[in-house]
Amino acid sequence: MVPSQQLLLRAGMMRQSSSGIYSILPFGQRVLDKIENIIDEELENIGCQKLSLPNLLPSENWKKTGRWESTGQEMFKLKDRKGADFLLAPTHEEEITSLIAKEIQSYRQLPIRVYQVGRKFRDELRARSGLLRGKEFLMKDLYTFDVSEEEALKTYDDVVLAYRRIMKRFGIPYAVAEADTGNIGGTHSHEFHVLSKVGEDSLLSCASCGYTSNEERAIGIIPNIPTKAATKFHCSDIVPKWVESLDIIPRSTFKLRPKVQLGVMKMESQDETKASSCALVAVATAGDRSVNEIKVSKAIGKIEFASSIDDVRTLIANDSLDKITVCIDQSLYPGQSSLRAKDLDMKGLKDPMFEELKSIFSIENSICNLHVIYGDYHNCLPEDGCPHCFNNKGTIEPMKMTRAIEIGHTFMLGTKYSQPLGAMFVLEGTQNLEPMQMGCYGLGITRLLASIVEASHDQKGIIWPESVAPFRAVIVTSEDERCITAAESIYDIVQKALKTKSGVIIDDRLDVTLGFKMKDAELIGYPWMIIIGKGFLRTGNVEVQHRKTGEKWSLERPKILSFFEERQL
Ligand SMILES: [Zn+2]
């Protein structure tokens with residue numbers, strides 16, 4: 001169990017209903033409400049309006065965008081009594097776009113920024129880690145509609161800034177990672193992360209310029225000096241020897257040993273009478289590098305990777321293998337710029353290695369095309385150089401790796417949904433119908449709740465940031481009648497000082513000791529604890545403890561008001 005799951009259960013903030021599905025109890029709900037309020041305030045400030053979309057959706061729009069088929073088994077699909085297809089919403093692009101398509105016709109009605117906080121459903125194969133990965137979860141999703149790409153980019157920047165303000169108000173360490181670089185200038189997809197050891201994502205970041213990227217996509221400049229692992233790698237496998245023998249890897253002074261990962265790319269056959277064909281893909285990296293499958297697939301198409309030669313045979317099955325693509329990774333030519341792709345003619349090649357390879361994969365003699373491409377196909381390692389600093393200053397600034405939990409994602413969608421769902425408008429001064437330029441922006445609310453706990457806890461329990469704590473202060477008393485009476489008047493004083501409605505709570509349970517209540521208060525994680533016990537009976541002073549710093553104060557009663565007035569949010 002991850003700490004957030006353990007602590008939220010122990011502190012009585014949630015209960016498991018079934019695997020990946022939770023009930024949120026009153027204290028947990030208070031935190032969720034506060035998270036939602038912060039988001040509402042910041043989104044309202046940039047002109048967003050809140051609405052509510054259904055969760056039970058008909059399949060029609062999803063069939064139009066192709067996602068009914070492509071989403072796969074993660075989608076909860078169901079039928080109504082008439083046999084019509086429905087789904088439980090995993091996201092709402094289709095629903096909002098078709099709604100806007102019906103309502104908006106003219107440029108005069110744009111821009112529009114609408115969002116909701118609602119439930120989403122995903123049939124996770126392995127729901128785990130409590131609220132970090134569940135089958136049912138709360139999300140804030142914002143959708144924006146603009147008249148042009150330029151306007152949509154302005155909207156995008158507004159939202160990213162609002163997201164930064166939201167994260168700042170939660171008071172926990174976070175990072176914004178570049179997710180994808182667009183072709184209209186500037187990056188327009190970002191991931192928002194909470195830094196935490198238990199995160200499933202790894203971020204690489206540069207302390208010098210602030211560049212941050214998810215390891216999945218990170219670009220890193222490989223230092224010229226290779227590690228021992230890069231040079232010492234030896235592989236008895238036929239394939240690396242063969243790749244080496246082709247003389248397609250630049251001869252560097254370091255003699256880096258190539259390591260090769262194989263995969264198969266299926267190719268759709270246009271002619272149905274012919275057997276479908278496929279390509280053998282070999283990705284060569286230096287010995288200390290692993291292949292980044294996302295990067296390779298992005299460069300040449302969807303590939304199924306194999307862990308052995310037998311796997312390759314299974315993947316090829318009965319298809320005809322008629323192309324070989326060799327991807328040579330930058331780690332094999334560090335410090336050199338990208339090389340040009342080349343095609344080698346294998347016809348009549350009397351290479352004994354190639355003969356062996358042909359027999360391994362029963363390659364037909366007709367194959368003569370070997371395509372070699374060069375590029376970035378590896379996973380970055382910490383200490384790789386920051387690409388921005390390299391491009392701007394020519395220096396290699398080593399990057400650092402941190403674990404993180406992704407809690408938000410911002411995208412420019414362009415016309416991906418507005419086109420198929422007919423969200424069109426009449427352009428100013430024309431009769432032309434144009435598709436709207438869309439953006440979508442998600443924040444996982446239940447995941448945020450758990451991430452805040454991951455980022456802010458100790459052995460004693462949760463340490464809520466003041467902005468989202470279920471209550472900002474707790475008053476714990478001993479069972480002495482005088483303490484209980486004092487607690488009630490101090491409650492009014494603190495309430496007045498903090499100027500927040502129900503910011504304070506009294507723990508006046510009679511069946512547990514003061515010590516037990518104090519332990520509970522630390523587990524629940526109230527920012528402030530006011531103790532009215534033996535010390536109060538002896539001196540008339542109350543003790544105040546700060547959960548985050550462990551600082552303690554002994555206050556005379558008249559000082560309590562000003563103490564908390566100085567500590568308003
Ligand atoms: Zn940098």
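## Burial and overall make-up

A residue is called buried here when its relative accessible area is under 20%, exposed when that area is over 50%, and partly exposed in between. With that in hand, welcome to a predicted model of a chain of 569 residues, of which 50% are buried. Its secondary structure comes to 17 helices and 29 strands. Among contacts with a separation of 6 or more, 71% join residues that are 24 or more positions apart.

Helix α15, residues 514-524, is a handy place to apply the term. Its buried residues are Leu 514, Lys 517, Asp 520, Ala 521, Glu 522, Leu 523 and Ile 524, a list that includes the charged residues Lys 517, Asp 520 and Glu 522. In an α-helix there are 3.6 residues a turn, so residues three or four places apart point the same way. Just after α15 comes Gly 525, with a positive phi of about 90 degrees.

## The zinc site

Which residues hold the zinc ion? Its protein donors are the SG atoms of Cys 206, Cys 209, Cys 386 and Cys 389, lying 2.3 Å from the ion. The angles among the four donor atoms run from 102 to 114 degrees, and the site is tetrahedral. The cut-off behind that label asks for all angles between 85 and 135 degrees, so the range of 102 to 114 degrees qualifies. For comparison, the ideal angle for four tetrahedral donors is 109.5 degrees.

Along the chain, the donors follow the spacing C-x2-C-x176-C-x2-C. One pair shows how the site links distant parts of the chain: Cys 206 and Cys 389 are 183 residues apart. Cys 206 sits in the loop between β11 (201-205) and β12 (212-214), whereas Cys 389 belongs to helix α12, residues 387-393. Both Cys 206 and Cys 389 are buried.

## Where α1 meets α13

Helix α1 (residues 3-10) and helix α13 (residues 445-455) have axes that come within 8 Å and cross at roughly 100 degrees. That crossing makes α1 roughly perpendicular to α13. On the α1 side, the contact is made by Pro 3, Ser 4, Leu 7 and Leu 8, and on the α13 side by Leu 449, Ala 450, Val 453 and Glu 454. By type, the residues of this contact are six nonpolar, one polar and one charged; the polar one is Ser 4 and the charged one is Glu 454.

Met 1 lies in the segment before α1. Met 1 is exposed, with a relative accessible area of 68%. Setting aside neighbours within four places in sequence, Met 1 is in contact with Gln 6 and Leu 9. From C-alpha to C-alpha, Met 1 and Arg 128 are 8.3 Å apart in space, although 127 residues separate them in sequence.

## Backbone details

Most residues other than glycine have a negative phi, and most peptide bonds are trans. Against that background, a few spots are worth a look. The peptide bond from Leu 110 to Pro 111 is cis, with omega near 5 degrees. Pro 111 is placed in the loop between α5 (93-103) and β7 (112-121).

Which side of zero does phi take at Ser 129, a residue other than glycine? The value is positive, near 60 degrees. Ser 129 is found in the loop between β7 and β8 (136-146), and counts as buried at 16% relative accessibility. Glu 383, not a glycine either, has a positive phi of about 85 degrees. Its loop runs between β18 (369-375) and α12, and Glu 383 counts as partly exposed at 43% relative accessibility.

## Two more residues to visit

Is Asp 40 buried or exposed? With a relative accessibility of 14%, Asp 40 counts as buried. Asp 40 has its place in helix α2, residues 26-45. Not counting residues up to four places away in sequence, Asp 40 touches Lys 50 and Tyr 115.

Thr 549 lies in the loop between β28 (542-546) and β29 (552-555). At 48% relative accessibility, Thr 549 counts as partly exposed. The C-alpha atoms of Thr 549 and Pro 527 are 9.5 Å apart in space, with the two residues 22 apart in sequence.

Notes:
Residues numbered from 1 in each chain as written. Predicted model: local features only at pLDDT ≥ 70, side-chain atom pairs only at ≥ 80, totals over all residues. Heavy atoms only, no water. Donors = N, O, S within 2.8 Å, 3.2 Å for Na, K, Ca; no water. Tetrahedral: all angles 85-135°; square planar, octahedral: opposite > 155°, others 65-115°. Helix = DSSP H or I, 4+ residues; strand = E, 2+ residues; numbered from the N terminus. Buried < 20%, exposed > 50% of the residue type's maximum accessible area, 1.4 Å probe, protein only. Axes fitted to C-alpha atoms, helices over the stretch in contact; angles between N-to-C directions. Parallel < 35°, antiparallel > 145°, perpendicular 65-115°, else oblique. Contact = heavy atoms within 4.5 Å.
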